[in-house]
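Student: I'd like to practise reading ligand surroundings and sheets. Could you walk me through one example?

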Amino acid sequence: MSAPSKAAAYEKIGVIGAGAWGTSLALTAARAGRKVSLWAREPEVVEAIRKTGENGIFLPGIALPENITATGDLAEAVSGAGALLMVPPAQHLRSALSAVAAVAAKGTPLVVCAKGIERGTGKIVTEVIAEAAPGFEPAILSGPSFARDSAVGLPTAVTTAARMDIAERLQASLSHATFRPYASDDLVGVALGGAAKNVYAIATGIVDGMGLGESARAALLARSFAELTRLGIALGARSETLMGLSGLGDLVLTATSPTSRNFHFGQEVGRGRSIASLREPGKPLAEGVETAPALVTRAAAEKIELPIAETVANVLSGALPLDGAIVRLMTRPLKSE
Ligand SMILES: NC(=O)C1=CN([C@@H]2O[C@H](COP(=O)(O)OP(=O)(O)OC[C@H]3O[C@@H](n4cnc5c(N)ncnc54)[C@H](OP(=O)(O)O)[C@@H]3O)[C@@H](O)[C@H]2O)C=CC1
Ligand SMILES: O=C(CO)COP(=O)(O)O
């Protein structure tokens, strides 16, 4: 057993992105005793928080304490912050990182809390940080955590991954009675688990929506974890990370709960809703939709086969009809487990 960490907390935390998760994490940091600056891209979010003391657009009904300051000014948000939590949707991460890198102090930990792989490049978030924000410390926060659960004070555990001394400072900065971070230095494993589980949650959601039964869902979940492990090991992740909170833990949560936007998206697809209608502007964010083809691209580059992720990507692109997808998965060459 490792000794308890005595790392010093950062005094001020900046949160970049005031969606549901950004707002919930701002609350977590505030409850842990930090001074928090919460940056929102949309002026109406800043105004709502300032006027009403809550983010009625993304996390309604949750009062935000006074040690959270909302701002639309990025330079103000990053000023004096010991660490910056990056919480935009994953496909906007690169631009958000570049904007932050232009105004923040070099060496500041940039803690990516978004879950996804970059479409087009197949890059995981650590690689995106290295390219978009060189000279900053890469970090990730990920794990089984619905924004509203932790915001209302339900017990939540996540992993903070970074160089170990930084991971421990993040742990000290964010932990409180109902929020428990575990420190890790396996950034690749933590980044991949959080991203891939969204794709597999769409898969199990489809199976659920099609009414194929709980046995099929459990089989798919177990085979999804096998895929995630195969790719993770090829990328250099540790298997205990993939078995932990940010891998198996988040996969189990997301791939079995209708609260998950990804699982729900899959359910609606399985029930026959058109993918275009589910992706209209204003519809809930389902990160797995963009990450599915990105995951497949990355796996192909690593010469790893991911039949479930490929099937999800092909269904979402319209290349494979739903019935064909199930037949394709069930009629692959027989294998040993
Ligand atoms: N919700 C959850 O339970 C959890 C979410 N996550 C992850 O957190 C990330 C954000 O999700 P979540 O907070 O739920 O999303 P929401 O849908 O609640 O909010 C969207 C957020 O993205 C910002 N945004 C939208 N478009 C852009 C853009 N073009 N450039 C930059 N920022 C943009 C919005 O900015 P603005 O504030 O200005 O409107 C807002 O902060 C995702 O990767 C998700 O997987 C992780 C764990 C839990
Ligand atoms: O990441 C999450 C839970 O850990 C949130 O999942 P969804 O984005 O599918 O709602």
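Student: Let's begin with ligand 2. By class, how many nonpolar, polar and charged residues does the shell around ligand 2 have?

Tutor: Happy to help, and keep in mind that this is a predicted model. The shell around ligand 2 has 4 nonpolar, 5 polar and 4 charged residues. Of its 13 residues, S145, D250, S260, R261 and N262 come nearest to the ligand.

Student: Which helix gives the most to the shell around ligand 2?

Tutor: That is α11, with 3 residues. At least two residues each come from α8 (187-209), α11 (245-254) and α12 (261-270).

Student: And why does ligand 2 lie between domain 1 and domain 2?

Tutor: Look at who contributes: domain 1 (12-185) and domain 2 (189-330) both give residues to the shell, so ligand 2 lies between them.

Student: How does the shell around ligand 1 divide by class?

Tutor: Here there are 16 nonpolar, 6 polar and 4 charged residues. Ligand 1 is surrounded by 26 residues, with G19, W21, R41, H92 and A114 the closest. Helix α1 (residues 20-31) supplies the largest share, 3 residues.

Student: Now the sheet. What order do the strands have?

Tutor: In general, strands of a sheet pair through backbone hydrogen bonds, either parallel or antiparallel. In this case, 8 strands form an open sheet with mixed pairing, in the order β3-β2-β1-β4-β5-β6-β7-β8. At the edges, β3 (68-71) and β8 (179-184) each pair on one side only.

Student: How many bridges join β7 to β8?

Tutor: There are 6, and the two strands run parallel. T159, for instance, has Y182 in β8 as its bridge partner. Helix α11 appears again here, lying across β6 (137-142), β7 and β8 at about 145° to β7.

Conventions:
Residues are numbered from 1 along each chain as its sequence is written. Chains are lettered from A and ligands numbered from 1 in the order in which they are written. This is a predicted model: local features need pLDDT of at least 70, side-chain atom pairs count only at pLDDT 80 or more; totals for chains, interfaces and linings use all residues. A residue is near a molecule or strand if its C-beta atom, placed from the backbone, lies within 6 Å of it. Helices (H or I, at least four residues) and strands (E, at least two) are DSSP runs, numbered from the N terminus. Ala, Val, Leu, Ile, Met, Phe, Trp, Tyr, Cys and Pro count as nonpolar, Asp, Glu, Lys and Arg as charged, and the others, Gly among them, as polar. Domain bounds come from an automatic or database domain assignment. Two strands pair if DSSP finds at least two bridges between them. Two residues are in contact if their C-beta atoms, placed from the backbone, lie within 7 Å. Axes are lines fitted to C-alpha atoms, for helices over the stretch in contact, and angles run from 0 to 180 degrees between N-to-C directions.
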